[in-house]
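Visitor: I've got a chain on my screen and some questions about it. Could you walk me through it?

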Amino acid sequence: MLRYLIAILISVGLLQPATAQEATQPKVKVNVLNVCAPSPEEQQEIASALARIPKQPIFGPDFEVDRGRSTLDERPDFLKTGESAQISADSGTADWVRIRREFSVQALFSTVQYSFSRDPKNMVETLVFRVRDPKDLLQVAIEDNASAVTSPAGMLATNTPASRIKLERFGKSSVVLARCQGNEGTPPPDQSKYETLFQSATAMVANYRILLAARQTVPDELVRMGTAKATKPKAPTKTQTTKENDPK
């Protein structure tokens with residue numbers, strides 16, 4: 001009987017450290033984002049955030065233009081806001097150009113950053129707005145992408161539809177809306193109800209592409225890197241030449 005009691009006490013003693021260890025294990029919370037079909041509340045939050053982005057901003061005097069090249073297994077940081085584009089798995093590099101401007105102190109957002117990246121398969125535009133005094137919303141990011149079969153100047157001359165909208169929030173999970181493709185044997189989901197949000201995001205990128213002079217800056221910076229051909233200005237037509245030489 002005594003041996004049995006001692007065995008029980010030893011077993012309890014051995015179990016206590018394991019129980020205490022399990023109690024101290026941190027709980028892991030997993031948030032699953034439904035990027036293909038956000039809830040009505042999330043849709044309203046996206047619409048509200050897009051509506052607060054100034055269409056005719058007042059920029060401060062400071063600005064930044066960067067260019068660079070990254071290996072494909074080291075994706076540029078500014079592209080981490082969006083994952084919808086398929087980055088090539090082949091060995092190679094991605095060339096990128098980044099433009100940043102600061103808003104005046106009265107604006108809700110502190111900076112806007114436009115980024116363009118091109119690898120052997122894709123070209124990606126990313127537009128990020130960072131909030132000046134974040135309380136709930138931290139930043140808004142919009143992304144679009146296209147195949148690299150065309151030139152960067154060709155893509156920039158077209159308003160490529162937005163493929164991803166992301167709101168990063170303080171202390172909360174992000175809110176994301178992305179264009180989703182169907183899996184093998186299944187058609188893509190019906191996202192027609194979100195087309196208004198996608199159109200608003202597309203118009204926002206098109207507006208800031210002009211405000212930040214991206215159509216001129218990006219091709220010029222890629223030419224300096226030796227990865228794009230310089231665009232030649234169109235020769236004037238005969239009618240234009242005649243008018244310019246007309247003494248009248």
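Visitor: Is Ser163 buried or exposed?
Guide: This is a predicted model, where local features need pLDDT of at least 70, side-chain atom pairs count only at pLDDT 80 or more, and totals for chains, interfaces and linings use all residues. Residues are numbered from 1 along each chain as its sequence is written, and side-chain values use heavy atoms, with hydrogens and water left out. Buried means under 20% relative accessible area, exposed over 50% and partly exposed in between, with a 1.4 Å probe and protein chains only. Ser163 has a relative accessible area of 11%, so the label is buried.

Visitor: Where does Ser163 lie?
Guide: Helices (H or I, at least four residues) and strands (E, at least two) are DSSP runs, numbered from the N terminus. Ser163 sits in the loop between helix H3 (152-156) and strand E6 (164-169).

Visitor: And what about Pro61, buried or exposed?
Guide: Pro61 has its place in strand E1. Its relative accessibility is 76%, so Pro61 counts as exposed.

Visitor: By how many Å are the C-alpha atoms of Pro61 and Ser104 separated?
Guide: Along the chain, Pro61 and Ser104 are 43 residues apart. In space, their C-alpha atoms are separated by 9.0 Å.

Visitor: What is the reach of helix H4 from its first C-alpha to its last?
Guide: H4 covers residues 195-211, which is 17 residues. The expected span of a helix is 1.5 Å times one less than its number of residues. For H4 the expected value is 24 Å, and the model comes close to that, with a reach of 24 Å.

Visitor: How does helix H2 run relative to H4?
Guide: Axes are lines fitted to C-alpha atoms, for helices over the stretch in contact, and angles run from 0 to 180 degrees between N-to-C directions. The axes of H2 (residues 40-51) and H4 come within 10 Å and cross at roughly 25 degrees. Angles under 35 degrees count as roughly parallel, over 145 as roughly antiparallel, 65 to 115 as roughly perpendicular and the rest as oblique. That makes H2 and H4 roughly parallel.

Visitor: How many charged residues are in the contact of H2 with H4?
Guide: Contact means heavy atoms within 4.5 Å. From H2 come Gln43, Ile46, Ala47 and Leu50, and they meet Leu197, Ser200, Ala201 and Met204 in H4. Ala, Val, Leu, Ile, Met, Phe, Trp, Tyr, Cys and Pro count as nonpolar, Asp, Glu, Lys and Arg as charged, and the others, Gly among them, as polar. The split is 6 nonpolar, 2 polar and, for charged, none.

Visitor: Which residue with a positive phi follows H4?
Guide: Most residues other than glycine have a negative phi. The one here is not a glycine, yet its phi is positive, about 55 degrees. It lies in the loop between H4 and helix H5 (214-224), and at 28% relative accessibility it counts as partly exposed. The residue is Ala213.

Visitor: What covers the buried residues of H5?
Guide: The buried residues of H5 are Ala214, Thr217, Val218, Pro219, Glu221 and Leu222. Their cover includes strand E1 (59-71), strand E2 (93-103), strand E3 (109-118), H3 and H4.

Visitor: What percentage of the protein chain is buried?
Guide: The protein chain has 6 helices and 7 strands. Of its 248 residues, the buried share is 37%.
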